[in-house]
Amino acid sequence: MNRVLALAALLLAGPAASAATPAKLKVFVSVDMEGVAGVVSPDQLGPSGFEYARFREFMTKEALAAVTAAKEGGATEIVVADAHGNGQNLLIEQFPPDVRIVRSWPRPLGMMGGIDASFDAALFVGYHSSTDNPQGVRAHTFSSARLHSVKLNGQVASEGSFNAAVAGHFGVPVVFVSGDDAAVAEVRAQLGDVEAVETKRHLGFHAAETLTPAAACARIAEGVKRALARRAGFKPFRIPTPVALDVTFKNYRPAEVAAYLRAIQRVDSHTIRFVGQDMLEVSAFQVFLTNYSLELEP
Ligand SMILES: [Zn+2]
């Protein structure tokens with residue numbers, strides 16, 4: 001190329017080529033608590049537990065480790081969804097002022113509340129294995145007390161794969177997950193080679209050999225940086241439509257009563273099937289199912 005052409009090419013490339021304009025990188029972070037380092041029982045997981053105040057601090061620190069690393073990795077905008085228990089666990093005053101936080105329920109898209117097609121990557125922090133998994137600390141899917149099994153298109157769904165499919169509906173790839181070894185193994189089996197950090201090794205439903213909070217935060221920061229550095233290699237997790245959601249309740253009556261609706265099929269004594277045209281409809285049904293009660297006031 002001669003000099004004139006080279007100059008013309010430079011001029012035509014315009015401001016987009018300038019290093020002063022960082023490329024947009026919008027990151028969504030969904031934060032659960034069962035997979036946070038040190039969490040092993042209800043004593044850490046809710047306001048009535050004697051260790052909850054300390055452990056919501058540790059949960060916040062793990063989320064912050066992901067947020068800080070994402071910013072260092074080029075994130076230009078970050079939304080964090082508090083996706084555990086009452087949805088009001090994260091200590092919001094500890095986050096940088098340019099981060100927005102999604103809190104409380106019920107809300108559209110549940111644990112993924114706040115995501116849309118404008119995001120470029122999703123991160124899962126503090127995740128746990130599914131109710132269908134015999135392994136993992138506090139293994140459950142959406143409700144440890146009420147649900148016995150959850151499947152999407154006949155395949156076992158964890159919260160990780162279900163939420164990844166919600167992100168996938170919007171064309172957003174999940175690039176990182178942290179949680180115990182069972183959660184990480186399950187999510188990677190479902191989604192493929194996402195970056196992952198094991199915060200602890202499960203020894204039982206209520207027991208684990210765990211990293212310290214500081215060690216877990218350091219590994220999460222490293223993992224998120226690795227994930228964003230290779231994010232071009234990730235694809236959104238899209239599942240074929242229409243989407244069949246099978247839910248098996250621990251009790252008999254929710255299946256019986258839900259099956260009064262023509263949109264619901266009774267698969268067996270404890271199982272119903274809802275077929276949605278896409279993950280949005282399935283997610284809306286899941287949010288309805290896990291929130292509706294006639295006793296709700298106001
Ligand atoms: Zn949780």
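Two strands are taken to pair if DSSP finds at least two bridges between them. In this predicted model, strand β7 and strand β8 (residues 195-204) meet that condition, pairing in the parallel sense over five bridges. Phenylalanine 176 has glutamate 195 in β8 as its bridge partner. The connection between the two strands involves helix α5 (residues 181-191), and β7, α5 and β8 together form a right-handed β-α-β unit.

Strand β7 is also joined to strand β4 (residues 121-127), through four bridges, and these two strands likewise run parallel. Within this pairing, alanine 122 is positioned opposite valine 174 of β7. Seven of the seven residues of β7 (residues 174-180) are buried, so the strand is largely enclosed by the rest of the structure.

A further arrangement is an open sheet of five strands, with antiparallel pairing and the order β6-β5-β10-β12-β11. The edges of this sheet are occupied by β6 (155-156) and β11 (264-268); each has a single partner strand, so one side of each is left without a neighbour in the sheet. Strands of a sheet pair through backbone hydrogen bonds, either parallel or antiparallel. Strand β10 (residues 243-249) and strand β12 (residues 271-276) run antiparallel and are joined by six bridges. Aspartate 246 stands opposite arginine 273, a residue of β12. Helix α8 (residues 279-291) lies across both β10 and β12, and its direction makes an angle of about 20° with β10.

Methods: Residues numbered from 1 in each chain as written. Predicted model: local features only at pLDDT ≥ 70, side-chain atom pairs only at ≥ 80, totals over all residues. Buried ≥ 20, exposed ≤ 12 C-beta atoms within 10 Å, placed from the backbone. Right-handed = clockwise from strand over helix to strand, strands pointing away. Contact = placed C-beta atoms within 7 Å. Axes fitted to C-alpha atoms, helices over the stretch in contact; angles between N-to-C directions.
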